[in-house]
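User: Please take a close look at one part of this model, the contact between the chains, and connect it to what surrounds it. I would like one continuous account that also says where caution is needed.

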Amino acid sequence: MNLLENLKQFKNIHPDSGFSADSRRRVLGGRIRMQDILRTNVPMAFATLALGLLFVFAGTRFFTGGQVAGIDPRSLRAEAQAIDIQIQLTDLKYSSPDNGNETTPANVHGVKSSMSTDFSGGDEIDSALEALSE
Amino acid sequence: MLEGEGQIIRRAKDGEKDAFGLLYDHYQPQIYRFVLLKIGEKAEAEDITHQVFLRAYEKMGGYADEGHPFSSWLYEIARNRVTDHYRAAKADFPLPDGESEIFAVSAGLPDMVDEHFDMEKVRGALLTLRPEYQDVIIMRFVEELSLQEAADNLGKSVGAVKLLQYRAIQALRNIIDLS
């Protein structure tokens, strides 16, 4: 037996032509490739989303005259100026590591332990902070 | 290798069905023989061959030419499918009884009974070899690929393929002599 010659004869094996034609048709036409789906649908989805956002934005501007209800800058500014800012410094206690005595801001250069102020009292706050830092 | 294969592969990667059809027409018989000689059953070989090309078509967009021939990619898919087939069936490489259906569709085979008998023995012995030996024998002595092509397809060096084919042929001879 010539082994190598016998092996070479196997090259004469061919698939059935009916099977080949059917398989070829099913491979090329039977399934939709994931990459084809992504290639066509993802850009379309992004384009639709972008268009949708554009419409929402344009519609909002049209119906509110350029200003979104509730965030009118003029009313916001007026509201901000009307706020009476109060800073409460209460229950502020400091522990002295040396003698264990408690020191309150009232003991430091006469700063009040409870202080009510607005922005006009900024100097008072500055002096209190300076005293605390010493 | 298919003429103008690089260009055809690029077109197939871009989703051109006709280009993949050319690759199919060129490589399908080769892959079918590879699978059939490792499985031994025509219907199973047809099913696996179909799956190989279906898989290749689905993954074509991600195919990266890394310097290996396109066929090596197809052989790799085919090897994995054959492994899956045996794993699923938990088969111990059973040989079909009686007249082989492999040759029922083959053309140009000699009609001489003795030669047919010899081919059956070789085919049966081939089925019992280790997958690695089967691969190198099919590529080198059935498909008559060059050493370099076989090395590319098997992911081995030329020297390793030479050694592997020597051992594979020796193993095949031993099985035939014993039978």
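Analyst: Chain A has five helices and two strands, and from its N terminus the elements follow the order α-α-α-α-β-β-α. This is a predicted model, with an ipTM of 0.80 and a pTM of 0.62. Of the 134 residues in chain A, 7% count as buried, and where its contacts join residues at least 6 apart in sequence, 32% of them link residues at least 24 apart. The mean pLDDT of chain A is 71, with 54% of the residues scoring at least 70. Among its elements, α2(A) has the highest mean pLDDT, 93, while the lowest, 49, belongs to strand β2 of chain A, at residues 102-103. Residues 110-117 of chain A have a pLDDT below 50, although the model gives this stretch 17 contacts beyond near neighbours in sequence. Where pLDDT is low, the predicted coordinates should not be read in detail.

Chain B, the partner, is built from eight helices and zero strands, so that its order from the N terminus reads α-α-α-α-α-α-α-α, by the assignment of helices and strands as DSSP runs. Buried residues account for 36% of its 179 residues, and 62% of its contacts with a separation of 6 or more involve residues 24 or more positions apart. Its pLDDT averages 87, and 87% of the residues reach at least 70. Among the elements of chain B, the mean pLDDT is lowest in α5(B), at 85, and highest in α6(B), at 96. Two stretches of chain B call for the caution already given: residues 95-99 have a pLDDT below 50 and five contacts beyond near neighbours in sequence, and residues 104-108 also lie below 50, with eight such contacts in the model.

Turning to the contact itself, 34 residues come from chain B and 25 residues from chain A. On the side of chain B that touches chain A, two or more residues are given by each of α2 (17-39), α3 (42-59), α5 (113-128), α6 (131-142) and α8 (158-178) of chain B. The largest share of that side, ten residues, is from α2(B). By type, the residues on this side of chain B are 19 nonpolar, eight polar and seven charged.

Behind this account of the contact stands the largest nonpolar core, which has 49 residues; B:Ile31, B:Val35, B:Leu74, B:Ala78, B:Val136 and B:Ile137 touch the most other members. At least two residues of the core come from each of α1 (5-13), α2, α3, α4 (70-89), α5, α6, α7 (147-154) and α8 of chain B. Here too α2(B) is prominent, as it gives the most to the core, with eleven residues. Both domain 1 (1-93) and domain 2 (95-179) of chain B contribute, each with at least three residues. One of the core residues named above, B:Ile137, also shows how the chains come together: apart from residues up to four places away in sequence, it touches A:Leu7 of the other chain, as well as B:Leu126, B:Val142, B:Ala168, B:Ile169 and B:Leu172.

Helix α3(B) can be followed in the same way. Its 18 residues should span 26 Å at 1.5 Å a residue, and because its end C-alpha atoms are 26 Å apart, the expected and modelled spans agree. The buried residues of α3(B) are B:Lys42, B:Ala45, B:Glu46, B:Ile48, B:Thr49, B:His50, B:Val52, B:Phe53, B:Ala56 and B:Tyr57, a list that includes charged side chains. An α-helix has 3.6 residues a turn, so residues three or four places apart point the same way. The cover over the buried residues of α3(B) includes α2 (17-29) of chain A, together with α2 and α4 of chain B.

One local detail is worth adding. B:Glu144 is in the loop between α6 and α7 of chain B. Its phi is near 55°, a positive value in a residue other than glycine. B:Glu144 counts as exposed because it has 12 C-beta neighbours inside 10 Å, and 12 or fewer is the limit for that class.

Key: Residues numbered from 1 in each chain as written. Chains lettered and ligands numbered in written order. Predicted model: local features only at pLDDT ≥ 70, side-chain atom pairs only at ≥ 80, totals over all residues. Contact = placed C-beta atoms within 7 Å. Helix = DSSP H or I, 4+ residues; strand = E, 2+ residues; numbered from the N terminus. Core = buried A, V, L, I, M, F, W, Y, C linked by C-beta atoms within 7 Å. Buried ≥ 20, exposed ≤ 12 C-beta atoms within 10 Å, placed from the backbone. Domains from an automatic or database assignment. Expected span 1.5 Å × (residues − 1). pLDDT = per-residue confidence, 0-100.
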